[in-house]
Amino acid sequence: MSRASINDTFVLLIAMTIAAILGWTVRGRHDAERSAARIEERPSSGVRVSRTATASALRHVSAELPRVPPTDEAVTRLAPPHVLAPIAEETEAMPPLKDEDASWRPGRDADSPRPIIVPVEGVAPSAMRDMFDEARGSRRHEAIDILAPRGTPVIAADDGVVKKLFTSVPGGLTIYEFDPDERFCYYYAHLDRYAPGLHEGQSVRRGEIIGYVGTTGNAPEDTPHLHFALIRLDPDKRWWKGTYVNPYPLLAASAAR
Ligand SMILES: [Zn+2]
């Protein structure tokens, strides 16, 4: 091997070594940067957005939109979901609503009647017939007749309070029960008799026996039935005042007993 080619080889070796060292260093830096980027891309890898930082970011968003009060509601509307996510994770479950009205269901407005059951023992919802708009003499029926043998127990359609025990010419022996919210009144007529001890002011539970099917008032003697009506009470909550509401859909939808 000539001296010149040894020199050339030596220079080449040095050049390759330098290139290798440089290459390793550069690759190492890229790897480190990629690792850092991966950590930033994975918010769940122990890197948590602090509530203070997020709140500060949210204040910034709010500050750009004048006249928006910095309420939680405003924050919810303005902040994109991923900004709120860490807060949602750290916040305890929402406290229950103060209004614990058990009758409330999504989609039901506060004006809707409460769910009720068929108020005659042993009668299925499928036995109901919508006779609310039928004529009875010169007026509209505005109630549902539930046929059953004389003496069949009449049960409370809903929890409530016996507001009035009344005897009338058309209704005979009747009960007016207010629901717990005093928004609606349940009217039971043509009773054969009341449940023993039943009195005005008494609280009753849904399904509790309050009377028995009969033919008092203007019911045909050979057709014992319960005449059941649902009345939306006027604001002054008088048992004899209100607006008749068709209970048929509620009865038809009620759970069978
Ligand atoms: Zn009737």
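Along the sequence, the residues that donate to the zinc ion follow the spacing H-x3-D-x81-H. In this predicted model, the protein donors are NE2 of H141, OD of D145 and ND1 of H227, and they lie 2.0 to 2.1 Å from the zinc ion. Two of these donors link distant parts of the chain: D145 belongs to strand β3 (residues 144–147) and H227 to strand β10 (residues 225–233), 82 residues apart. Both D145 and H227 are buried.

Strand β10 turns up again when we look at the rings. There are 6 aromatic pairs in the structure. One of them is Y186 with F228: the ring centres are 6.3 Å apart and the planes sit at 10°, so this pair counts as stacked. Here, too, distant parts of the chain are linked, with Y186 in strand β7 and F228 in strand β10, 42 residues apart. Y186 is buried at a relative accessible area of 1%, and F228 is buried at 0%.

W239 and W240 make another aromatic pair, this one edge-to-face, at 5.6 Å centre to centre with 80° between the planes. Is W239 buried or exposed? With 19% relative accessibility it counts as buried, because the cut-off for buried is under 20%. W240, on the other hand, is exposed, with a relative accessible area of 52%. These two tryptophans also belong to an aromatic cluster together with F166, Y176 and Y187.

Now for the charges. Side chains of opposite charge can pair when their charged atoms come close. How many salt bridges does a search of the whole structure find? The count is 17, and three of those pairs are set out here.

| Acidic residue | Basic residue | Closest N to O distance |
|---|---|---|
| D158 | R114 | 2.6 Å |
| D181 | R183 | 3.7 Å |
| D236 | K241 | 2.5 Å |

Take the D158 and R114 salt bridge, with its closest N and O atoms 2.6 Å apart. D158 sits in the loop between β4 (153–155) and β5 (160–168), while R114 sits in the loop between α4 (81–90) and β1 (135–136), so this contact ties together parts that are 44 residues apart in sequence. D158 and R114 are both buried.

The D181 and R183 bridge has a mixed setting: D181 is partly exposed, with a relative accessible area of 32%, whereas R183 is buried at 18%. For the D236 and K241 bridge, D236 is partly exposed at a relative accessible area of 33%, and K241 is partly exposed as well, at 31%. Through shared partners, salt bridges join R114, D158, D181, R183 and R206 into one network.

That leaves strand β9 (residues 209–213), which is mostly covered, with 4 of its 5 residues buried. β4 and β9 run antiparallel and are joined by 3 bridges; I155 stands opposite I209 of β9. Strand β7 (residues 184–194) also runs antiparallel to β9, again with 3 bridges, and L191 has V213 in β9 as its bridge partner. There's a charge-over-ring contact to look at too: the charged end of R193 sits over the ring of Y212, 4.2 Å from the ring centre.

How values were computed. Residues numbered from 1 in each chain as written. Predicted model: local features only at pLDDT ≥ 70, side-chain atom pairs only at ≥ 80, totals over all residues. Heavy atoms only, no water. Salt bridge = Lys/Arg side-chain N within 4 Å of Asp/Glu carboxyl O. Helix = DSSP H or I, 4+ residues; strand = E, 2+ residues; numbered from the N terminus. Buried < 20%, exposed > 50% of the residue type's maximum accessible area, 1.4 Å probe, protein only. Pairing = 2+ DSSP bridges. Donors = N, O, S within 2.8 Å, 3.2 Å for Na, K, Ca; no water. Phe/Tyr/Trp six-rings, centres within 6.5 Å; stacked < 30°, edge-to-face > 60°. Lys NZ or Arg CZ within 6 Å of the ring centre and 35° of its normal.
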